[in-house]
Structures are given as structure tokens and as C-alpha cells.
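Reader: I am new to this structure and would love a close look at a single part of it. Please pick one helix, stay with it for a while, and then show me what else there is to see.

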Amino acid sequence: MNDKQHTIKAPVTVRGIGLHTGVEATMTFCPAPVGHGYKFQRTDLPGQPIVDADVDNVVDLSRGTTIEQNGARINTVEHTLAALVGLQLDNVLIQLSGPEPPIMDGSSAEFIKALHTVGFEEQNALRNYYEIPDTIRYIDNARGVEIAALPLADYRLTVMVDYNSPVLGSQHATLTDINQFESEISSSRTFCFLHELEYLYKSNLIKGGDLSNAIVVVDRAVGEHELDELAAMLGKPKVSVKKEGILNNVDLRHKNEPARHKLLDIVGDLALVGRPLKGQILAARPGHAANVAFAKKIKKKMLEDKTSPVPVYDPAREPVMDINRIMQVLPHRYPFLLLDKVIHLDSQMVTAVKNITMNEPFFQGHFPGNPVMPGVLQIEAMAQTGGILVMNTVPDPENYWQYFLGIENARFRKKVLPGDTVIFHCQLTAPIKRGIAKMKGQAFVNGKVVCDAEMSAAIVRKDNV
């Protein structure tokens, strides 16, 4: 799995009809900055409103996942989002000239093919993974649905379905490596049973449905008269049934293509959590309603964990900023530069590392016989970490000074000693206005908080610049 965030190198456009609305639409994938995530934009509406791909924005689940925000609605988002997750893209703006992404061939493959034509760009920020900390479970006994997420330092999914059908029977599909999504899962098409077709049409759904973008499973005997009626409904001169029970003799791309498509749907629906996941997902008889309910449970747990973040530091991973890059942003120099590397940086938070050694200059005068890092310097290192975050909001940080304006509720909870690796984490508590930033800072050693404070800082453009 990628360490760094990625976007696409240039815009790319696809066109087609929406599955349920039947509306022709143009959809353009656009590059987006670090921390942007997935957002849709309705370019056909006044003001071109933005809709965040967020589980809290889900408003309808009738045969697909629909989100709405700022007066704009986007239908059937799951195939589009699954393509982005499968390619490990983090930041993309999806501009849409209608209410629904094109259904294309009913899978994610055409989106992936289009995205490959422009290529991908690594961004200078680590991916903000949410690692499942312990078992999260969703159960719907009435529908026989169960979905669970288990801790795992990877992203794997297994789906089991049983349609009580002589044609499909029980199926399962597994994705053991997200890098396999493109080759093993993305081409699996949406499907429905014959007995669902009439209901869907009467419910004003699948207006854009066609045998070229969906598989219709025939799980009962069908006479010629009924086939003629189906042909009329679908706008076809004639339809037929294969002995395996697939309408119009459509060949399956995989023996278990329906199960693989259900896995594709889960990947897309879980993208609405808002962060890439690490965990093992096990799903029995899933559907969009269950997927979204499960995504809400994950997001709730994620937000609970976010209240007491303990950053994970892996020294083997390439930092977002090494000391040379830090010195391009911060004006501090020896002996007052108190950071060694930055391991995470986005629009809302930053995490930096300082390795404490006995050779620190302040130990010469601060308790030489009992070396303890001064609390005031812990706050200074935290302020420098916050300075990195604030400077990240301007395109030319070398032309600005940052000043520490205030500190409140500072607490020093444990001693910081030579040999400790201190992880400083700062997060904005309010949007930056007029160059003033308010943030909460914490310092960790071995997963324990050693210092925390609420701080404010300002960035001021240098004179004569």
C-alpha cells in the first residue's frame, strides 16, 4: 500500500448515461491538493456546488448509494469511488454535468482505464490511514447480513453471498491486496435478477439500464411471450436466455462475477468513511444499506479515536520533510531548531519528530547532573511544529515570518530524557483567518502524552517582499 498521498497528473473526462436517472452526463476527474479527499462538483447547477464523498451525506440507498450536500445530489457514487480507492488515489475533484456518474459498462474498469491515460502524481504528504483498532461489527438479523472489520496492517476484503438461486447459488470473492483491484475486481459488472426488473422500472429506476451495462440473471423458466415483453421493455428487437440463466447470452467475465461486484460496491461505499483503511473486512450478504450503516460505525469509531490521537512513527518510512526541507520553511537554526523530521502534513494537522540525545546544548546548563528537557523548549518544539502547519497554507513560505502569539492550558505530564523520541502533533481547532491560527498541540513519548497545550500563531509577510 502507498505511503504517500496521490492525485492524478491532469484532468480526464468520461461520458455516458446514468444507470438510474437515464441522464447523459460528462464526468471529469481533476487533480486536487493534499488533504482534499474525494469531492463531487455539480457543474450544471448554479454556483457549481461541492458534495463531499462522506457517509454523513448519504440520503438514498435504493439500488445504489446517493449523496447530497449544498442542494446538490449525486446518484450511484460507488463505482466511481471504488475506482479511486482501487488505484490508491487520495485527492480528486470529480466534476459532473448531471445528477449521476455514467454507468459505462456497469463496472469500474472504464474509469480506471481513463485515469491511467493521465497518470498519477505522488504528493508530499503521508496517507492518513485509519487502522481498525479492534473488531467493529454490523449485524442485520432480519436480512441475514453481517459485516465485520478486524485489525490488520493491510486492506483485505472477503465477501460471501447466497441468493438462494439455482443459477448463482453461494459465491464468495476475496481481495488480498488492493493492488489486485484493477485486474481482479474492477471489471465486475452490476447485476439484478429477472424478477427485480419490472419492479425497478415501475419504481422509476434503471432508466439508463441496458444489457450492455448490467447482467440480468434469469432464475426461473421464461416463455417466449414473456421474452418478447422483456425485449419491448428493454428496447431490444429480441432477447434470449442462456442455459446458465443469463439474459441475452451475456458471457460472465468471472464465474463469480456477482460476488466480485458486491466486493467492488463495498470498496466504493467504504470510501465514504473519508480516509483510506487498514483492516480485514468480512461481509456476508452485503448491500448498499448495510455497507453504509457499517461505514457509519467505522467513522464513529474513527472520530472517537481522533479525540486522543497517538501518532504512529515508523523510522523506516520516508519522511514528508527531512531536516533540509524543514530549514527551507522555518527560519530557526542551531541551537534553536528543535525538529528533525516531519512525518505527516495536511491542511488540518502536522506531526513532527525530535530525537533527544545527551548532546543537546541545553543539557549543559539545565540540570547537568539530571538531564531533563526543559518544558519551555518542549513548547517551543511544539510551536515550530505548528509553524510548519501554518506555513503550509501559503505558496511561498520563504517570504513569511511566523510568530508565536499565545499559549493556554499548558501541562507537562512526564519527563523527557536523553534517548527519548518525541513525537509532536498539532491540529487546527478553527479555520485560519487573517493569518491567525489556533491549534491544539501534544507531545508523545512511547505512546504517552508528555506535554500538551493550546496555542495561537500568526504568519506575517516579510517587509519589502
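**A helix and its surroundings**

Author: Let us start with helix α1, residues 78-86, which packs against helix α6, residues 257-270, at an angle of about 80 degrees, the two axes lying 7 Å apart. Helices here are DSSP runs of H or I with at least four residues, strands are runs of E with at least two, and both are numbered from the N terminus. The axes are lines fitted to C-alpha atoms, for helices over the stretch in contact, and angles run from 0 to 180 degrees between N-to-C directions. Before we go on, please note that this is a predicted model, in which local features need pLDDT of at least 70 and side-chain atom pairs count only at pLDDT 80 or more, while totals for chains, interfaces and linings use all residues. Residues are numbered from 1 along each chain as its sequence is written, and side-chain values use heavy atoms, with hydrogens and water left out.

Back to the pair of helices: α1 and α6 are roughly perpendicular to each other, a label given to angles of 65 to 115 degrees (under 35 is roughly parallel, over 145 roughly antiparallel, and the rest oblique). On the α1 side, E78, H79, L81, A82 and V85 make the contact, and they meet H261, L264, D265, V267, G268 and D269 of α6. Contact means heavy atoms within 4.5 Å. Sorted by class, this contact between α1 and α6 holds five nonpolar, three polar and three charged residues. In that sorting, Ala, Val, Leu, Ile, Met, Phe, Trp, Tyr, Cys and Pro count as nonpolar, Asp, Glu, Lys and Arg as charged, and the others, Gly among them, as polar.

How many of the residues of α1 are buried? Nine of the nine are, so the helix is largely enclosed by the rest of the structure. Buried means under 20% relative accessible area, exposed means over 50%, and partly exposed is in between (1.4 Å probe, protein chains only). The buried residues of α1 include E78, H79 and T80. Just after the helix, Q88 takes a positive phi of about 55 degrees.

H79 is a good residue to zoom in on, and it lies in α1. H79 has a relative accessible area of 5% and is buried. Leaving out residues up to four places away in sequence, H79 touches I103, G106, S107, S108, F111, T190, H261, L264 and D265.

Another residue of α1, T80, is buried too, and it appears among the contacts of F29. Not counting residues up to four places away in sequence, F29 touches I8, A10, P11, V12, V14, T80, L84, V92, L93, I94, F111 and L115. F29 also belongs to the largest nonpolar core, which has 65 residues; F29, F40, F181, L270, F294 and I298 touch the most other members. A nonpolar core is a set of buried Ala, Val, Leu, Ile, Met, Phe, Trp, Tyr and Cys residues joined through side-chain atoms within 4.5 Å. A second, separate core of 46 residues includes M321, V422, A437 and C451.

C451 leads us to a sheet, as C451 in β24 is the bridge partner of F412. Strand β24 (residues 448-461) and β21 pair in the antiparallel sense over ten bridges; two strands pair if DSSP finds at least two bridges between them. Both belong to an open sheet of six strands, in the order β19-β20-β22-β23-β24-β21, with antiparallel pairing. At its edges stand β19 (341-345) and β21 (400-412), each with a single partner strand, so one side of each is left without a neighbour in the sheet. From one strand to the next, the twist averages 25 degrees.

L345, in the last place of β19 (341-345), is among the residues that L389 touches, not counting those up to four places away in sequence. L389 lies in helix α9 (residues 375-391) and counts as buried at 1% relative accessibility. Its contacts also include C426, and the C-alpha atoms of L389 and C426, 37 residues apart along the chain, are separated by 7.9 Å.
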